[in-house]
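Trainee: Could you take me through one part of this model in detail? I would love a close look at how the neighbouring strands pair and what happens in the turns that link them.

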Amino acid sequence: MPPATPTDFKIPPILVEEMFAHARAASPEECCGLLGGEGNRAVTVYPLRNVAPHAEVAYEAAPEELFEAQRSMRARGETLVGVYHSHPRSNDPAPSRTDVRLAFYPEAFYFIIGFDEGACVLRAFRISEREGRWEPAPFEIKG
Ligand SMILES: [Zn+2]
């Protein structure tokens, strides 16, 4: 095994299922939420209500839920390791221009869930809001 690097992000299958269930329930609107974790490992999914005026094409977490999720993370000794949302009409999801503009957590992995013939697909990205660009980020679905 090569030594762990900062890009070795791990997310347990059960958390992926939670995000997929959230994405399915929210469709045709986008879902959104946070991932709390330790180091490069996601530990908890925090689903948030999408209050964007046009939730089919955008996401904006309900501010009070965002605050509450971050409070819970601190209480559990977790840090914000990921941000997720869905693109219900894409089978190969990638960050939109708005997603890049609103990526306020440069340390976080940005997960986007798409749908391919009913099955969910998961992609991860690093987004630099300051530089206005993004790149795919490697991750492992592993307990
Ligand atoms: Zn998006």
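Mentor: Happy to! In this predicted model, strand β5 (residues 109–116) and strand β6 (residues 119–128) run antiparallel and are joined by 7 bridges. To find your place in that ladder, look for Gly114, which stands opposite Val121 in β6. The two strands form a hairpin with 2 residues between them, and Glu117 lies in this loop between β5 and β6.

Glu117 deserves a pause. Its phi is positive, about 50°, although Glu117 is not a glycine. Most residues other than glycine have a negative phi. As for its surroundings, Glu117 has 5 other C-beta atoms within 10 Å; the cut-off for an exposed residue is 12 or fewer, so Glu117 counts as exposed.

Now follow β6 onward to its other partner. Strand β7 (residues 133–136) runs antiparallel to β6, and 4 bridges join the two. Here the pair to look for is Ser128 with its bridge partner Arg133 in β7. β6 and β7 also form a hairpin, this one with 4 residues between the strands. Its turn holds a positive phi as well, about 65°, at Gly132.

While you have the backbone on screen, visit one more loop, the one between α1 (13–26) and β2 (32–38), where Pro28 lies. The peptide bond joining Ser27 and Pro28 is cis, with omega about 15°. Most peptide bonds are trans.

Methods
Residues are numbered from 1 along each chain as its sequence is written. This is a predicted model: local features need pLDDT of at least 70, side-chain atom pairs count only at pLDDT 80 or more; totals for chains, interfaces and linings use all residues. Two strands pair if DSSP finds at least two bridges between them. A residue is buried if 20 or more other C-beta atoms lie within 10 Å of its own, exposed if 12 or fewer, and partly exposed in between; C-beta atoms are placed from the backbone.
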